[in-house]
Amino acid sequence: MFAKGQTVIQYMEQLAPKHVAMEGDKIGLQLGSLQKEITGVLVALDVNEDVVEEAISLGANLIVAHHAIIYRPLSNLQSDTPMGKVYEKLIKNDIAVYISHTNLDVTEGGMNDWMAEVLGIQNVIPLEDIHTDNLYKLVVFVPKDHHQRVLDSILNAGAGWIGNYSHCSFNIEGYGTFLPQEGTQPFIGKEGKLEKVEEIRIETIVPQSSRNKVIQAMLKSHPYEEVAYDLYGMDLKGRTLGLGRVGKLQEPVSLDAFVQRVKEKFDVPAVRVVGDLNRQIKKAAVVGGSGGRYWKHALFRGADVLVTGDVDYHTAQDALMAGITIIDPGHNAEKMMKPRVAAWLTDKLQGDKYETKVHASSIDTEPFAFL
């Protein structure tokens, strides 16, 4: 059985929820339909004609990409232009394109965390706060015999986190009353008879990012036909997500040695460097894509170096005078997302016994040649 398009995207949005994307970012379904079975998924950094041909050859009818194919408003859709040919080929072969961009950058366990991890940057925090996960209080009433089952289901679905403490809840014993009306099929009691049942009131914290998953888990595990529960917002705020990462290295290294690490771990043939190669690097920052404008954030956080792509000349001059070094591995360094996203989707699909295959694109979309 093949997974439906919406099912694949639900898995993708578990990794990179849409609500954590930066305002105005062009994410989500950009072309085609998800109302179909997905025979194969191709995970790509960019979508060009070679990538579309690869999808066709692999039998993939969904491309999950990091960079948008429709970034600016279209004034026309001419099939004799380079991108027009790409759109035409996608449409004729019924291939949908879904974009996960800054939400994949910002999310925990996403692009910026991968970059920091491979470079050995530890105890990371965001360079710039983007999204604070709002918290909700969930209250649900459960018959005593089913208390542990329901409690486990909601905690395992992501409820109960306060800071670094998990499985936080409060449980009170009491009595619930109800009178099943005509046409009901009560789990306990009989139609038309007032019932008084020993119940336990469960209270716990639910982050916005896990709210739907927690509610679904609660409803699935609860024995009642009509579940009595409350969900209300709190002033207490949850974890903060942001763009970029900054943290300390396990051991100080020279900028020159760190440059070699970037080239190896990011699999790039060359980098541009701003600063003294002999400088000792103790604290490093990373931003996926074009993050040159974040050099001041990195400096404020105490970073010795910022690793990011597409740094322009004047930004490099300003950073150099301010005393922070920069390593620019290029925008294409984000290609590391391909095998990681493919592995995530494969694990989810195989876990639910779907036959949909997931492929990491093998097409090199780097536009520059290094001579």
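**A tour from the whole chain to helix α10**

Among contacts in the protein chain between residues at least 6 apart in sequence, 74% join residues at least 24 apart. The model is predicted.

Start with the whole chain in view. Its C-alpha atoms fill a box of roughly 85 × 50 × 35 Å along the principal axes, and the chain has eleven helices and 15 strands. Of its 371 residues, 46% count as buried. Switch on the surface: the accessible area is about 19200 Å², with 49% belonging to carbon and sulfur atoms.

Next, select Val41, Leu62, Phe258, Phe266 and Val341. These have the most contacts inside the largest nonpolar core, which has 45 residues. Center on Phe266 and show its surroundings. Leaving aside residues up to four places away in sequence, Phe266 touches Met115, Val118, Leu119, Arg261, Val307, Pro329, Ala333, Lys335 and Met336. Apart from this core lies another, of 19 residues; to find it, select Val20, Leu243, Leu306 and Ile324, which are among its members.

Now move to helix α10, residues 313-322. Select its buried residues, Thr315, Ala316 and Ala319. They lie on the same side of α10, because they cover an arc of only 100° around the axis. Add β11 (272-274), α9 (295-300) and β14 (325-328) to see what the buried residues of α10 pack against. Turn to the other side of the helix, where Tyr313, His314 and Met321 are exposed.

Finish with the ends of α10. At the N-terminal end, Asp312 acts as a cap, with a side-chain oxygen 3.1 Å from the backbone nitrogen of His314. After the helix comes Gly323, whose phi is positive, near 95°.

Terms used. Residues are numbered from 1 along each chain as its sequence is written. This is a predicted model: local features need pLDDT of at least 70, side-chain atom pairs count only at pLDDT 80 or more; totals for chains, interfaces and linings use all residues. Side-chain values use heavy atoms; hydrogens and water are left out. Buried means under 20% relative accessible area, exposed over 50%, partly exposed in between (1.4 Å probe, protein chains only). Helices (H or I, at least four residues) and strands (E, at least two) are DSSP runs, numbered from the N terminus. The arc is that of the directions from the helix axis to the C-beta atoms. Contact means heavy atoms within 4.5 Å. A polar contact is a pair of N or O atoms within 3.5 Å; within protein, one must be able to donate a hydrogen and the other to accept it, and residues adjacent in sequence count only if both atoms are side-chain atoms. A nonpolar core is a set of buried Ala, Val, Leu, Ile, Met, Phe, Trp, Tyr and Cys residues joined through side-chain atoms within 4.5 Å. Accessible areas come from the Shrake-Rupley method with a 1.4 Å probe; for residues, only the protein chains shown count as cover.
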